[in-house]
Amino acid sequence: MNVRPTLDDVRRAPKVLLHDHLDGGVRPATVVDLARESGYGDLPTTDADGLRAWFEDSSNSGSLERYLETFGHTVGVMQSAEALTRVAYECGEDLAKDGIVYAEVRYAPEQHLRAGLTLEQVVEAVLDGFARARRDFGIRVGTLVTAMRHLSRGQSPSSMEIAELAVRYRDAGVVGFDIAGAEAGYPPTRHLDAFEYLQRENAHFTIHAGEGFGLPSIWQAIQWCGADRLGHGVRIIDDIDVTGGEARLGRLADYVRDKRIPLEMCPTSNIQTGAAKSIAEHPIGLLRRLSFRVTVNTDNRLMSGTSLSQEFAKLTDAFGYGWDDLQWFTVNAMKSAFAPFNERLELINGVIKPGFAQLKWSGGSPLA
Ligand SMILES: O=c1[nH]cnc2c1ncn2[C@H]1C[C@H](O)[C@@H](CO)O1
Ligand SMILES: [Zn+2]
């Protein structure tokens, strides 16, 4: 019997999330609280429901640059150690309640220095919030520190300083590094020194690439910078020719698939920024059929009004995915995580596979 999981079923499944921004997942009520406490006066409204709607509406422009403008408000209220710890703790709680067992959450430390915190204080405040969430909700969260790719060269802190931060805190819960921000006009190679340093240090990193810009960005991220994973990577589709019914892969797409380079796909976010037209037309359908190493992610739960379970439920509706597909995406994500091998193995064999087995045989609701 083929069984299609409902949203409630998906929530119960042990899931893995690799691409989620700390400043893109703040609870609207917390943004309001923190604005009041810190005297931040620029919020478009101080009504939490109104603010939730404002973030979602403002993020639907079809442009990555406009989408990114909304972060001014979340970053604006995350300028103290207390605020950062609270946001991280609540993030851990929300992810755990969505059934996530392992997550990697990213943020740009350089954006949280306005009230006088040092980079180290920012990192430690966030780690503290996630450590508390682990104690209270059992969820394991590794953090990625992000450098903003559009900041001018030579500016302080540089992407190199953020990379050094990742290495300094690698044994304390920072599992990797990332670059984010506007992609067009800001190629990954601007930060080559940081990526080369991380490679020499045997450290992990992912790069937002193939979202707001196409194949050259993906090519640079992999072949110049040595990215372990691609943030989004949706535009790899431009290197796949599907005319005539059979998919023909170009050299770059072939390489990405052959090397099992993980794609951190974020369907709803891609529609909001114009990287994909609709869920039904999202490249994830084809890429999954072609067995790329695809993972499913949220990107920014606040801006997209979403959760990982909702992303899976949308895909299930659009592509008819069943439990086997959901487990495949989840195991892909766990295999691709920056956590140590033993921890990944333990979660796959001890938590994910038994959890899905139980749901498959008892929890699923039969297809109508
Ligand atoms: O999807 C994205 N693409 C590029 N940059 C992004 C995306 N989502 C969030 N960001 C930026 C805005 C945040 O302030 C920053 C760090 O989390 O990363
Ligand atoms: Zn992102």
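Helices here are DSSP runs of at least four residues and strands are runs of at least two, numbered from the N terminus. The model is predicted.

**Exercise 1. The shell around ligand 1**

Task: Find how many residues surround ligand 1, and which elements each supply at least two residues of the shell.

Solution.
- Step 1. Count the shell. Ligand 1 is surrounded by 19 residues.
- Step 2. Pick out the closest. They are His-21, Phe-71, Ala-108, Ala-180 and His-208.
- Step 3. Map the shell onto elements. At least two residues each come from helix H4 (64-69), helix H5 (71-77) and strand S2 (100-107).
- Step 4. Sort by class. The shell holds seven nonpolar, eight polar and four charged residues.

**Exercise 2. The buried side of H2**

Task: List the buried residues of helix H2 (residues 28-38) and explain why they lie on the same side of H2.

Solution.
- Step 1. Name them. Pro-28, Val-31 and Leu-34 are the buried residues of H2.
- Step 2. Check the arc. These residues span only 125° around the axis, so they fall on the same side of H2.
- Step 3. Find the cover. Helix H3 (48-58), H5, helix H6 (81-97) and helix H14 (301-304) are among the elements covering them.
- Step 4. Look past the end. Gly-39 follows H2 and has a positive phi, near 80°.

**Exercise 3. Leu-51, a residue of H3**

Task: Decide whether Leu-51 is buried or exposed, and list what Leu-51 touches beyond four places in sequence.

Solution.
- Step 1. Place the residue. Leu-51 sits in helix H3.
- Step 2. Apply the cut-off. A residue is buried at 20 or more other C-beta atoms within 10 Å. Leu-51 has 21 C-beta neighbours inside 10 Å, so Leu-51 counts as buried.
- Step 3. List the contacts. Leu-51 touches Pro-28, Val-31, Val-32, Leu-43 and Thr-45. Among these, Pro-28 and Val-31 are buried residues of H2.

**Exercise 4. H6 against H7**

Task: Describe how H6 and helix H7 (residues 119-137) cross, and place Val-122 in that contact.

Solution.
- Step 1. Choose the descriptors. Two packed helices are described by the angle and the distance between their axes.
- Step 2. Read both. The axes of H6 and H7 come within 7 Å and cross at roughly 35°. The crossing is right-handed.
- Step 3. Find the residues. The H6 side includes Leu-84, Val-87 and Ala-88, and the H7 side includes Val-122, Ala-125 and Val-126.
- Step 4. Sort the contact. It has 12 nonpolar, four polar and five charged residues.
- Step 5. Zoom in on Val-122. Val-122 is buried, because 24 other C-beta atoms lie within 10 Å. Leaving aside neighbours within four places in sequence, Val-122 is in contact with Leu-84, Pro-109, His-112 and Leu-117.

**Exercise 5. Backbone exceptions**

Task: Say where the cis peptide bond between Ser-156 and Pro-157 lies. Then decide whether His-232 and Arg-260 are buried or exposed.

Solution.
- Step 1. Check omega. The bond from Ser-156 to Pro-157 is cis, with omega near -5°. Pro-157 belongs to the loop between strand S3 (140-148) and helix H8 (159-168).
- Step 2. Check phi. His-232 is not a glycine, yet its phi is positive, about 75°. Arg-260 is not a glycine either, and has a positive phi of about 55°.
- Step 3. Place both. His-232 lies in strand S6 (residues 229-232). Arg-260 lies in the loop between helix H11 (251-258) and strand S9 (263-265).
- Step 4. Count neighbours. His-232 has 29 other C-beta atoms within 10 Å, so His-232 is buried. Arg-260 has 12 C-beta neighbours inside 10 Å and therefore counts as exposed.

Definitions and conventions. Residues numbered from 1 in each chain as written. Chains lettered and ligands numbered in written order. Predicted model: local features only at pLDDT ≥ 70, side-chain atom pairs only at ≥ 80, totals over all residues. Near = placed C-beta within 6 Å. Nonpolar A, V, L, I, M, F, W, Y, C, P; charged D, E, K, R; others polar. Arc of directions from axis to C-beta. Contact = placed C-beta atoms within 7 Å. Axes fitted to C-alpha atoms, helices over the stretch in contact; angles between N-to-C directions. Left-handed = near helix turned anticlockwise from the far one by under 90°.
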